[in-house]
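Please open the model in your viewer and keep the sequence panel beside it. This tour suggests what to select at each stop and says what is there.

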Amino acid sequence: MKIQTAWLLTVSLTLLSSCIASRGSTKYDYLEDRLLPSVSRKISINFSNFSVIRNKKGKEKSASIKPVVEGYMLSNSGYFLTIQSIQGEEDLFFRFKTVTRESDLSFLSKAPEYLYLTASLLTLTLIPFYDRTYRRLEVEVIQQGRLLKRYKYKDYYVRVSWFGMLPWWRISDYNDFFYWETEASREVDHNLVNRFLADLRNDFLPKPGKKPKPKPKPKPKK
């Protein structure tokens with residue numbers, strides 16, 4: 001009996017780890033760095049990057065959830081001269097925050113998913129398992145201690161495990177074998193960062209071909 005249970009669990013976990021994941025739909029798709037508009041001058045930045053869990057009242061606590069932002073996403077954009085400039089001498093400071101809502105993790109909201117997962121395991125995924133995971137990024141753009149603007153972005157990726165999908169499954173390009181670390185989740189994070197970079201360029205960074213505003217002429221003294 002123990003051997004049969006162990007075999008069933010092993011097969012079930014193998015099927016679940018071999019699931020298909022897809023990116024969510026976004027209004028703007030800047031997944032490729034080359035799609036970012038160019039700028040006429042690179043700037044120097046510093047940034048902080050952390051994850052939090054937020055409740056309905058807005059109170060936050062630190063979380064071990066993987067942050068959306070990774071350093072290479074900024075350096076590959078071609079927007080920045082350096083992303084580790086001397087503190088206090090940077091052109092801009094970014095405060096990145098990966099936000100998870102407390103309701104996303106509560107037992108009541110997750111109970112249907114747990115039941116669904118159990119049913120999928122017991123049937124060797126003949127009952128498909130479906131899950132949607134949201135990723136939320138908030139960014140504060142700061143200059144010399146003054147908040148210039150706050151940005152908020154949200155996207156999701158979908159995970160589906162079903163026996164019939166096994167012929168289309170392949171190992172992730174990132175060498176992630178398990179369904180909760182897929183190409184889709186990384187692509188969603190990359191896309192969120194690039195959406196911020198595109199908005200940052202439009203709001204703050206110098207554009208190619210744009211002439212600086214002429215300085216106003218001093219008024220003649222009476």
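The score to begin with is pLDDT, which is the predictor's confidence in each residue, on a scale from 0 to 100. Colour the chain by this score: its average is 80, and 70% of the residues score at least 70. Residues are numbered from 1 along each chain as its sequence is written. This is a predicted model, in which local features need pLDDT of at least 70, side-chain atom pairs count only at pLDDT 80 or more and totals for chains, interfaces and linings use all residues, while side-chain values use heavy atoms, with hydrogens and water left out.

**The whole chain**

Show the cartoon next, and you will find five helices and seven strands, where helices (H or I, at least four residues) and strands (E, at least two) are DSSP runs, numbered from the N terminus. Followed from the N terminus, the elements come in the order α-β-β-β-α-β-β-α-α-β-β-α. Select helix 1 (residues 2–17), which has the lowest mean pLDDT among the elements, 57, and then strand 5, which has the highest, 96. Where pLDDT is low, the predicted coordinates should not be read in detail.

With the surface switched on, the chain shows an accessible area of about 14,600 Å², and 57% of that belongs to carbon and sulfur atoms; such areas come from the Shrake-Rupley method with a 1.4 Å probe, and for residues only the protein chains shown count as cover. Of the 222 residues, 36% count as buried, a word that here means under 20% relative accessible area, with exposed meaning over 50% and partly exposed in between (1.4 Å probe, protein chains only).

**Strand 5 and its partners**

Now select residues 92–101, which form strand 5, and note that eight of its 10 residues are buried. Which strand pairs with strand 5 in the parallel sense? Strand 2 (residues 43–54) does, over 10 bridges, and two strands are said to pair if DSSP finds at least two bridges between them. To see one such place, pick Arg54, whose bridge partner in strand 5 is Arg101. Strand 6 (residues 129–143) runs antiparallel to strand 5 and is joined to it by seven bridges; here Arg95 stands opposite Glu140 of strand 6.

**Two stops around strand 2**

Ser44, which lies in strand 2, counts as buried because its relative accessibility is 12%. Apart from neighbours within four places in sequence, Ser44 is in contact (heavy atoms within 4.5 Å) with Leu81, Thr82, Ser85, Glu90, Asp91 and Leu92.

Move on to Asn55, in the loop between strand 2 and strand 3 (60–62); Asn55 is partly exposed, since its relative accessible area is 22%. If you add Ser103, 48 residues away along the chain, the two C-alpha atoms are separated by 7.2 Å.

**Strand 6 and the loop after it**

Select Tyr130, a residue of strand 6 that counts as partly exposed because its relative accessibility is 40%. Add Gln144, which sits in the loop between strand 6 and strand 7 (146–161). Is Gln144 buried or exposed? It counts as exposed, because its relative accessibility is 81%. Gln144 also has a positive phi of about 50°, although it is not a glycine.
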